[in-house]
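Colleague: I'd like to learn how to read a model like this one. Can we go through it feature by feature?

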Amino acid sequence: MQKVYFKTFGCRTNQFDTQVMMSKLKDYELTDDELNSDYIVVNSCTVTNGADSSVRNYISSMKRKNPDAKVILAGCGSHSKGESLFEDKKVFGVIGHSEKENINTVLKNEQPFYQIGDLEHIDTTIVEEFVGKSRAFIKIQEGCDFACSYCIIPQVRGAARSHKEETILEQINKLASNGFGEFILTGTNVGSYGKDHNTSMAKLLKKMSQIRGVRRIRIGSLEPIQIDDEFMELLSEPWMAKQLHIALQHTSDKMLKLMNRRNTYKTDVALFNRIAAKGYALGTDFIVGHPGEDEKEWKEAIDRVKELPLTHVHAFSYSKRDNTASATMKPEIRGNIAKERHKELTTLIKAKNYAFRRSHNSGLEVLLESGKEGIFHGFDQYFNKITVKSDEDLSANWVRLEDVEVSHEGNKAKI
Ligand code: SF4
């Protein structure tokens, strides 16, 4: 049997896509040895110019180290760089997102191929990823309808489209009866789930919560404008994880406009205060160093971050991506300045997180993952990590912790 090696670049969605391809391989053997494989499928990422270079460098290195292997380009990079790499004969084949599920047939091509497909397709396979034996990530949608200036995703993943509700629920049902208690919903723009099927995230959540065994539900990320009244009503439900990740990307009005975001600081701060008042921890995504972020904007932004009830942040330093609106914007921000701002932001949120943990050190509901030598790790309902010491085997167990030890490094407890 011929052997196939998968190389995955980029985000969790790409990791899911690799799993879809792997699950469809019937006439080939999977290998984890790239140097002795007959095919190398490169599931690529194209989020920044740097990501493109990493993919290109990997392909060149494989051509040197395993010259007999057929290199197939898949993933987001197929839609941005596939044509040129194919024309330059750097790869044997190119497949677009819609062709992933046909990988078994596609690999049988004896002639070089360019099968880019379309960006409307949604896979029939719902993928899950398991963390230990009790938490599962479920991808519920694909694509994005927004047009943020710095982002190439809508061009390479297409418009937002959702998986069928019944397929998602069926999958969750199966996992819950196998002992999974926590579910994390993911996708490219998760909060847009349901718009194309005349339903909503809130309706899906309600149906999920009725499945026996479902104990806690987390949502990967939401956009501020996707939080409607129907969703707000669910915040007091016991099965909702008490942390939401709501992507703001910035807190300066000028920057939000330049980034072509749909949120504004005025409504964001009102929304965050409303949710925090319901006992929630709040995380966000934030891009520092986007063109146009001068001193004045940065000062305004960081002062506003101080006001916001934030507990977690994914901070990104802006990195250029050709063929996006931001790529030609001026003035660009120097790397060292972006680095300083990144640090300022993360240090501030770390302090806020510490203060939050100090005031939330009891009644913590933790799902522990598998442990080693009496040390277990898990997350509480506020998405804070905790280390638990115990002589018992607590893997995959839910525990309720009182008076945990809180330090700058993290939360700790002994059972
Ligand atoms: S919401 Fe904006 S940043 Fe997120 S995938 Fe869509 S366009 Fe990109």
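Colleague: Let's start with the big picture: how far apart do the C-alpha centres of domain 1 and domain 3 lie?

Modeller: They lie 39 Å apart. Keep in mind that this is a predicted model. The domain assignment splits the protein chain into domain 1 (3–115), domain 2 (128–359) and domain 3 (364–414).

Colleague: Now the sheet. In what order do its three strands come?

Modeller: The order is β13-β14-β15, in an open sheet with parallel pairing. β13 (243–245) and β15 (312–317) each have a single partner strand, so one side of each has no neighbour in the sheet. From one strand to the next, the twist averages 15°.

Colleague: How many bridges join β13 to β14?

Modeller: Three, and β14 covers residues 281–288. For a landmark, find H245, which stands opposite G283 in β14. Then look for helix α13 (residues 335–359): it lies across β14 and β15, at about 175° to β15.

Colleague: What should I look for in backbone geometry?

Modeller: Look for exceptions, because most residues other than glycine have a negative phi, and most peptide bonds are trans. Here, K330 and P331 are joined by a cis peptide bond, with omega about -10°. P331 sits in the loop between β15 and α13.

Colleague: And what is the phi of K89?

Modeller: K89 has a positive phi of about 60°, though it isn't a glycine. You'll find K89 in the loop between α4 (82–87) and β5 (93–95). N198 also has a positive phi, near 55°, and lies in the loop between β11 (182–186) and α8 (201–209).

Colleague: Why does K89 count as exposed?

Modeller: The idea is to count neighbours: a residue is exposed if 12 or fewer other C-beta atoms lie within 10 Å of its own. K89 is exposed because it has 8. N198 is exposed because it has 7.

Colleague: Is T18 exposed, partly exposed or buried?

Modeller: Partly exposed, because T18 has 19 C-beta neighbours inside 10 Å, and buried starts at 20. T18 is in helix α1 (residues 12–24). Leaving out residues up to four places away in sequence, T18 touches F6, T8 and N43. F6 is twelve residues from T18 in sequence, with 7.2 Å between their C-alpha atoms.

Colleague: Last one: which residues are around the ligand?

Modeller: They are C144, F146, A147, C148, C151, I153, P154, T188 and N189. By type, that shell has seven nonpolar residues, two polar and no charged ones.

Conventions: Residues are numbered from 1 along each chain as its sequence is written. This is a predicted model: local features need pLDDT of at least 70, side-chain atom pairs count only at pLDDT 80 or more; totals for chains, interfaces and linings use all residues. Helices (H or I, at least four residues) and strands (E, at least two) are DSSP runs, numbered from the N terminus. Two residues are in contact if their C-beta atoms, placed from the backbone, lie within 7 Å. A residue is near a molecule or strand if its C-beta atom, placed from the backbone, lies within 6 Å of it. Ala, Val, Leu, Ile, Met, Phe, Trp, Tyr, Cys and Pro count as nonpolar, Asp, Glu, Lys and Arg as charged, and the others, Gly among them, as polar. Two strands pair if DSSP finds at least two bridges between them. Axes are lines fitted to C-alpha atoms, for helices over the stretch in contact, and angles run from 0 to 180 degrees between N-to-C directions. Domain bounds come from an automatic or database domain assignment.
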